[in-house]
Amino acid sequence: MGMSVTISAATAQDAEQILKLQYLCYQGEAALYGDYSIEPLTQTLDALRAELSGGHGLVARLGDEVVASVRGGVDASGTARIAKLIVHPRMQRHGIGGRLLTAIEEKFAADPAARRFQLFTGHRSEGNLRLYRSHGYVPVATEQTGPAVSVVTLEKEAGARAYVRSA
């Protein structure tokens with residue numbers, strides 16, 4: 001590849017690149033479930049900027065290009081909710097998603113209020129489920145959110161170490 005991917009805090013200046021990447025990345029999820037009205041595809045730039053200013057966001061860059069992103073925040077119950085972990089399709093399966101997941105967990109682990117990590121994905125999103133399980137997440141709930149969609153919520157304790165199983 002020639003360049004290394006670097007991970008850093010997302011800034012307001014990254015919002016447009018993140019939104020374009022989010023739109024690209026969620027096309028596959030929308031097709032998988034036959035629903036193009038999912039929130040990541042309808043989110044506005046202003047809503048994304050507000051999300052970045054109110055929580056934690058990280059980006060992975062290849063040079064000046066944002067090739068991956070993740071966001072989240074810690075709620076009053078001590079749950080660090082991790083959301084919208086995305087990796088550019090041409091950069092998938094190179095460990096960037098796992099690196100971003102670990103990086104945001106480390107960011108939240110520094111917050112004494114964070115007692116657990118939580119994230120969710122669709123029940124058919126096998127790649128996502130595999131990644132999350134390999135990082136120590138376990139399913140804790142499944143909710144039917146539409147005629148063809150069930151959302152799986154996964155959690156792990158903030159102090160839990162990930163295990164990585166070879167395929």
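Biologist: What makes β4 and β5 a pair of strands?

Modeller: Strand β4 (residues 79-87) and β5 share three bridges. Two strands pair if DSSP finds at least two bridges between them, so β4 and β5 count as a pair. They run in the parallel sense. Take R81 as an example: its bridge partner in β5 is Q118.

Biologist: What kind of model is this?

Modeller: It is a predicted model: local features need pLDDT of at least 70, side-chain atom pairs count only at pLDDT 80 or more, and totals for chains, interfaces and linings use all residues. Residues are numbered from 1 along each chain as its sequence is written, and side-chain values use heavy atoms, leaving out hydrogens and water.

Biologist: Why are β1 and β6 called edge strands?

Modeller: Start with the sheet. It is open, has seven strands and mixed pairing, and follows the order β1-β2-β3-β4-β5-β7-β6. β1 (5-9) and β6 (138-144) each have a single partner strand, so one side of each lacks a neighbour in the sheet. From one strand to the next, the twist averages 25 degrees.

Biologist: How do you know that α4 has the span expected of a helix?

Modeller: Helices are DSSP runs of H or I with at least four residues, strands are runs of E with at least two, and both are numbered from the N terminus. Helix α4 (residues 96-109) has 14 residues. The expected span is 1.5 Å times one less than the number of residues. For α4 that gives 20 Å. The model reaches 20 Å from first C-alpha to last, close to that expected value.

Biologist: Where does α4 lie?

Modeller: Helix α4 lies across β1, β2, β3, β4, β5 and β7 (150-157). It runs at about 155 degrees to β4. Such angles go from 0 to 180 degrees between N-to-C directions, with axes fitted to C-alpha atoms, for helices over the stretch in contact. Helix α1 (residues 15-33) lies across β2 (56-62), β3 (65-74), β4 and β5, at about 80 degrees to β3.

Biologist: Why is T121 called buried?

Modeller: T121 sits in strand β5 (residues 116-122). Its relative accessible area is 5%. Buried means under 20%, exposed over 50%, and partly exposed in between, with a 1.4 Å probe and protein chains only. So T121 is buried.

Biologist: Which residues does T121 touch?

Modeller: Contact means heavy atoms within 4.5 Å. Leaving aside neighbours within four places in sequence, the partners of T121 include E29, N128, Y132 and V152. The side chains of T121 and N128 also form a polar contact of 2.9 Å. N128 belongs to the stretch of helix α5 (residues 126-134), whose buried residues are L129, Y132 and S134. The buried residues of α5 pack against β4, α4, β5 and β7.

Biologist: What makes T121 and N128 a polar contact?

Modeller: The limit is 3.5 Å between N or O atoms; within protein, one must be able to donate a hydrogen and the other to accept it, and residues adjacent in sequence count only if both atoms are side-chain atoms. At 2.9 Å, the pair qualifies.

Biologist: Why is A113 called partly exposed?

Modeller: A113 lies in the loop between α4 and β5. Its relative accessible area is 41%, so A113 is partly exposed. Leaving aside neighbours within four places, A113 is in contact with V74 and G78.

Biologist: What makes K84 and E51 a salt bridge?

Modeller: A salt bridge needs a side-chain nitrogen of Lys or Arg within 4 Å of a carboxyl oxygen of Asp or Glu. K84 and E51 meet at 3.3 Å, N to O, and so qualify. They link distant parts of the chain: K84 in strand β4 and E51 in helix α3 (residues 45-54), 33 residues apart. K84 is buried at 13%, whereas E51 is partly exposed at 29%.

Biologist: How many salt bridges does the whole structure have?

Modeller: The search finds eight. One of them joins E65 and R90, with N and O 2.6 Å apart. E65 is in strand β3, and R90 is in the loop between β4 and α4. Both are partly exposed, E65 at 30% and R90 at 43%. K156 and E105 form a further salt bridge at 3.3 Å. That pair connects strand β7 with helix α4, 51 residues apart. K156 and E105 are both buried. Shared partners also join E39, E51, R71 and K84 into one network.
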